[in-house]
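Visitor: I have a model on my bench screen and would like a friendly tour of it. Could you take my questions one at a time?

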Amino acid sequence: TEEVDANYLGAQGLHEFGHSFVNLGDQIPDSAKAALDATFAPVQSRMARMTYPNLDNWLNETVIRASEARGHLELGMLSATQVDDELAQGEKTGFTLIRTAYKALEEYAANRQLYPDFKSFGPVLLQRLADSRNRESKP
C-alpha cells in the first residue's frame, strides 16, 4: 500500500472545497473591470496553459489560493513564514493579486457581521483587487 500524506490531502481538500464558494465572475463591478482586465493581460497566456484562460477563472483561483493560505495558517498547517512563501510562489506563478486577496480576506473574517456569506463580500473583494492595481499603476 502507498503511504498517504495527510497534510497534502488536507490542503487539497481545503482548496477543492473553496471552489464551492468562490464564483466571482458575475459580481465584477463596472468600476473594477478595466483594472482587473489590465492586471490579467500580462499573465493571460501563462494562465491559459494552466487551465485559467479567462479573467473569471483567474480571479476565482487567486481567491481560492489566498483562502487556502489563510486556512493553512489558521489550522496550524503552515507557519506565517511558510504562508508568506506560499503567497510569493503564487505571485511568481502568475496569481499577481494573491497578497491583496489574502489581506482582503482578513477584512472579511474581521467583519462577518457586515458580510454574512462570501457572496456578499464578493463585490468588495473585487473592488479591493482593482484598487490595488490602480495604486500600482500610478506614478
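The questions and answers below deal with a pocket, some aromatic rings and a few side chains.

Visitor: Before we start, what kind of model is this?
Guide: Good thing to ask first. Everything here is computed from a model that is predicted.

Visitor: Which element gives the most residues to the lining of the largest pocket?
Guide: The largest pocket has a volume of about 480 Å³. Of its 18 lining residues, Phe21, Ser67, Leu105, Tyr108 and Phe118 are the closest to the centre. Two or more lining residues come from each of α1 (6–18), α4 (55–74) and α6 (98–110). The biggest share, 6 residues, belongs to α4.

Visitor: How many residues of each class are in that lining?
Guide: Here Tyr and Phe count as nonpolar, while Asp, Glu, Lys and Arg count as charged. Sorted by class, the lining of the largest pocket has 9 nonpolar, 4 polar and 5 charged residues.

Visitor: Are the rings of Phe40 and Trp58 stacked, edge-to-face or tilted, and what decides it?
Guide: Theirs is a pair that links distant parts of the chain, with Phe40 in helix α2 (residues 30–40) and Trp58 in helix α4, 18 residues apart. Both Phe40 and Trp58 are buried. Planes under 30 degrees apart would be stacked and those over 60 edge-to-face. With centres 5.2 Å apart and planes at 40°, the Phe40 and Trp58 pair is therefore tilted.

Visitor: Which residues form one aromatic cluster with Tyr108?
Guide: Let's begin with one pair: Tyr108 and Tyr115 are tilted, 6.5 Å centre to centre with 45° between the planes. Tyr108 has 12% relative accessibility, so it counts as buried, and Tyr115 is buried too, at 13%. The cluster joins Tyr108 with Tyr115, Phe118 and Phe121.

Visitor: Is Asn60 buried or exposed?
Guide: Asn60 is found in helix α4. Buried means under 20% relative accessible area. Asn60 has 11%, so this residue is buried.

Visitor: And how far is a polar atom of the Asn60 side chain from the backbone nitrogen of Leu24?
Guide: A polar contact needs N or O atoms within 3.5 Å. Between the Leu24 backbone nitrogen and a polar atom of the Asn60 side chain, the distance is 2.8 Å.

Visitor: One last stop: over the face of which residue does Arg70 lie?
Guide: For Arg, a charge over a ring calls for CZ within 6 Å of the ring centre. Arg70 is placed 5.8 Å from the ring centre, and the face belongs to Tyr102.

Note on methods. Residues numbered from 1 in each chain as written. Predicted model: local features only at pLDDT ≥ 70, side-chain atom pairs only at ≥ 80, totals over all residues. Heavy atoms only, no water. 1 Å grid on protein atoms, 1.4 Å probe; cavity = no way out; pocket = protein on both sides within 12 Å on 5 of 7 lines; lining within 4 Å. Points joined across faces, edges and corners; volume = space filled by probe spheres on them. Helix = DSSP H or I, 4+ residues; strand = E, 2+ residues; numbered from the N terminus. Phe/Tyr/Trp six-rings, centres within 6.5 Å; stacked < 30°, edge-to-face > 60°. Buried < 20%, exposed > 50% of the residue type's maximum accessible area, 1.4 Å probe, protein only. Lys NZ or Arg CZ within 6 Å of the ring centre and 35° of its normal. Polar contact = N/O pair within 3.5 Å; in protein donor to acceptor, adjacent residues only side chain to side chain.
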